[in-house]
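User: Could you help me read through a protein model? I am in my first year, so plain answers would be great.

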Amino acid sequence: METKVTKMMMSPMKMNRGSEKDEEENDKRAEEEDKKKEEVGEEEGSQQEKGRLMLADGLAEKGPKPLSFVAGQRVSNGLPSTTPQSPTETTGTPGAGSQDTASGSGGGGAGGTNAVPAGGSRTLVVQQMSLERPRETWSKKMDFLLSVIGYAVDLGNVWRFPYICYQNGGGAFLLPYMLMAVFGGVPLFYMELALGQFHRSGCISIWKHICPIFKGIGFAICIIALYIAFYYNTIMAWSLYYLLSCFRPTLPWASCSNSWNTANCKVYTYTDRNVSWSNSSTSPAEEFYTRQVLQVHLSPGLHQLGSVSWQLALCLLFIFTIVYFSIWKGVKTSGKVVWVTATFPYLVLLVLLVRGCTLPGAWRGVVFYLQPDWQKLLSTTVWVDAAAQIFFSLGPGFGVLLAFASYNPFHNNCYKDALLTSSVNCLTSFLSGFVIFTVLGYMAEMRQQDVSAVAKDAGPSLLFIIYAEAIANMPASTFFAVIFFLMLIMLGLDSTFAGLEGVITAMIDEFPQLLAKRRKLFVFGLVCVCYLGALSTLTYGGAYVVKLFEEYATGPAVITVVLLEVIAVFWFYGTDRFCRDVQLMLGIYPGWFWRVCWVAICPCFLLFIIISFLAFPPEVRLFDYQYPAWTNVLGYCIGVSSFICVPTYMVYYLLRAKGSFKQRLLKSITPVPSSEGHRDYIVTNAV
């Protein structure tokens, strides 16, 4: 039986053999067949799908080929899938309506013709277009890159890396740091970007496409993200308090004549060398931080936190207001905000670096920062610190990279993105070291002390005490103070945007019917929960709570979660399957280096950090307060509270599934095929 396509492709001589009446009857018969096909198509469309038909040449004899294309890109025969063509459009006169189709075909006739071999068949490619709401995408590629860079480059890059570097051998520390980055951090970073981009899902729903029984990992990640939001934004509230305090005739931490100062307060300036410094002496910057901003002297410890500071509560409320209106509409809005919040810190860092290099004694700080102590490399602690630093600096395992990458086009080159953003992150940490230690050298010169004595404080104290004091002694101190604390706020905002977006994406993807159309309301509720959870960090003893969360709530839990994530992806889902997914997206199959890192080196890298933490638990101390033993138990309980989601969900899944235990277990590790656009093609043969 001949189709309309075959009839219209016949030569003119054959078409003229019949009478005009025969031609009219044939045309009517063909039109009736077309109407029947259209009716069938409408019935299929009522079943949640609509078809878009495209005819392709050159595959008649070989039959359908395996598909290696995605929606919006190219089909296997070379047709652009973005050019919809109905059967009517492709069955016109040769050289007219069908010429565009043939010109894009990789296997059609030469010169843009659309000839069909005699007796051959044509391949019919059907693209099924889902009627579901299309997934949001980044407005520009740069929005994505700046968001990832803003997430990876946070407050820890400014204070933690310089401190860890000088503490562990200076320039010698760069060797283990780079090794851990190349063999551990960057492969994990690349893995999460590829997973999120391929499956286009958040950290919860993605697991049904990888290994369903590990879905508890997603819930654990969300709880960890909430814990981070409870304390991380408080540091930005401190920065905002400092920023508002800058708008006074003189900086309040530049003198000892304030109501919060004690008799031990001593002012040091570079021109005044007559002030003697003792172990009991305190700087005005230290007293402003501890007695005015934190007010820790009003709390005896974690057992009695005291009242909430209303000043800090208002500052935190302002911070969360900015966060809400930056993420309430999705990555379309947050992608625009990061153009400011992710780029401004680099401008400030360069200004501060130039200013720091011109200070007296700056060279002492640089020498102390980079002078290698190769003996340190024999210590296990150095390697543990390097592994932990690169891991928390790049930030895999927090659900953010999965969420951000899920809004990318399917063929986006996430491999180059991973290398670019991770390199920028590491270089930023290295640059921050010069910014900090040029100032520390200046402080050591001013106090006539060693740099090690000046740089003894780690964490936020390094910024809010030492660096703030150095700024107060500079010319144009108010200007440098304003841009410095603005930089800290913007560094923190980027990470907060990313952390909450990871939770929002995960929950909306998991419960789309409930939350997809109520995003603004859900984001508002999430921000309110984070604000209420942060109230304990705004008390007089809130700094002790921040330290407890920082040491226990995130570190061990998220490393354990990422270890399970690597095992689930490369030992259950399969390295070959993951690599084929990457090849489908990027057109390249990951090399042996990446496969070895994913299968063996990364699990050992993470296990090494976990065992070191358990074998040598950190001694938690803040200012003069030594954390009691019961706080260690409390800290481990907080950490386990998120990780417990993983085994709990495993038990729940096995109990809920049907069939024998073997059938349940097999189902629990069998991935569900993704239904995204890159799987919405069917290839069949048309006679």
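User: Let's start with Cys645: buried or exposed?
Analyst: Keeping in mind that this is a predicted model, Cys645 is buried, because its relative accessible area is 17%, which falls under the 20% cut-off for that word.

User: Which cysteine has the closest sulfur to the one in Cys645, and why is there no bond?
Analyst: The closest cysteine sulfur is in Cys222, but it is 9.0 Å from the sulfur of Cys645, and that is too far for a bond.

User: What is a disulfide, anyway?
Analyst: A disulfide is a covalent bond that joins the sulfur atoms of two cysteines.

User: How many are found in the whole structure?
Analyst: A search of the whole structure turns up one disulfide. Its partners are Cys256 and Cys265, whose sulfur atoms lie 1.8 Å apart.

User: Which hand does the disulfide of Cys256 and Cys265 have?
Analyst: The disulfide is left-handed, because the torsion about the S-S bond of Cys256 and Cys265 is about -70°.

User: And how covered are those two cysteines?
Analyst: Cys256 counts as partly exposed, with 25% relative accessibility, whereas Cys265 has 10% relative accessibility and counts as buried. Another cysteine, Cys414, is buried with a relative accessible area of 1%.

User: Changing topic, how many salt bridges are there in the whole structure?
Analyst: The search of the whole structure finds seven salt bridges. One of them joins the side chains of Lys336 and Asp143, with 3.2 Å from N to O. Lys336 belongs to helix 11 (residues 331-341) and Asp143 to helix 5 (residues 141-152), so this pair ties together parts of the chain that are 193 residues apart in sequence.

User: Are Lys336 and Asp143 buried or partly exposed?
Analyst: The two partners are best described one by one: Lys336 counts as partly exposed at 40% relative accessibility, while Asp143 is buried, with a relative accessible area of 1%.

User: What does Glu510 pair with?
Analyst: Glu510 forms a salt bridge with Lys215, and their closest N and O atoms are 2.5 Å apart. This pair also links distant parts of the chain, since Glu510 sits in helix 19 (residues 477-510) and Lys215 in the loop between helix 7 and helix 8 (216-245), with their positions 295 residues apart in sequence. Lys215 is buried, its relative accessible area being 14%.

User: How far apart in sequence are Glu551 and Lys547, which also make a salt bridge?
Analyst: Glu551 and Lys547 are four residues apart in helix 22, which means that about one helical turn separates them. Their side chains meet in a salt bridge at 3.5 Å, N to O. Glu551 is partly exposed, with a relative accessible area of 22%, and Lys547 is partly exposed as well, with a value of 21%.

User: Now the inside: which residues touch the most other members of the largest nonpolar core?
Analyst: Those residues are Trp253, Phe485 and Phe578, in a core that has 198 residues. The largest share of this core, 26 residues, is supplied by helix 22 (residues 542-586).

User: What is Phe578 in contact with?
Analyst: If we leave aside neighbours within four places in sequence, Phe578 is in contact with Met191, Ala194, Leu195, Val569, Phe570, Tyr573 and Trp598.

User: And on the outside, which residues form a nonpolar patch?
Analyst: A nonpolar patch on the surface is formed by Leu175, Met178, Leu179, Val182, Phe183 and Trp374, which together have about 550 Å² of accessible area. Val182, one of these residues, lies in helix 7 (residues 174-199) and is partly exposed, with a relative accessible area of 38%.

User: Where is Gln295, and what does it touch?
Analyst: Gln295 is found in the loop between helix 9 (284-294) and helix 10 (310-327), and it counts as buried at 14% relative accessibility. Not counting residues up to four places away in sequence, Gln295 touches Thr290, Ser309, Gln311 and Tyr540.

User: Last one, what does the protein chain look like overall?
Analyst: The secondary structure of the protein chain comes to 26 helices and five strands, and 52% of its 687 residues count as buried. The protein chain exposes about 30,600 Å², of which carbon and sulfur atoms supply 61%. Among contacts with a separation of 6 or more, 82% are between residues 24 or more positions apart.

Terms used. Residues are numbered from 1 along each chain as its sequence is written. This is a predicted model: local features need pLDDT of at least 70, side-chain atom pairs count only at pLDDT 80 or more; totals for chains, interfaces and linings use all residues. Side-chain values use heavy atoms; hydrogens and water are left out. Patches are made of residues with over 30% relative accessible area and no salt bridge: like charges are joined within 9 Å, nonpolar side chains (Val, Leu, Ile, Met, Phe, Trp, Tyr) within 5 Å. Accessible areas come from the Shrake-Rupley method with a 1.4 Å probe; for residues, only the protein chains shown count as cover. A salt bridge is a side-chain nitrogen of Lys or Arg within 4 Å of a carboxyl oxygen of Asp or Glu. Helices (H or I, at least four residues) and strands (E, at least two) are DSSP runs, numbered from the N terminus. Buried means under 20% relative accessible area, exposed over 50%, partly exposed in between (1.4 Å probe, protein chains only). Contact means heavy atoms within 4.5 Å. A disulfide is a pair of cysteine sulfur atoms within 2.5 Å. A nonpolar core is a set of buried Ala, Val, Leu, Ile, Met, Phe, Trp, Tyr and Cys residues joined through side-chain atoms within 4.5 Å.
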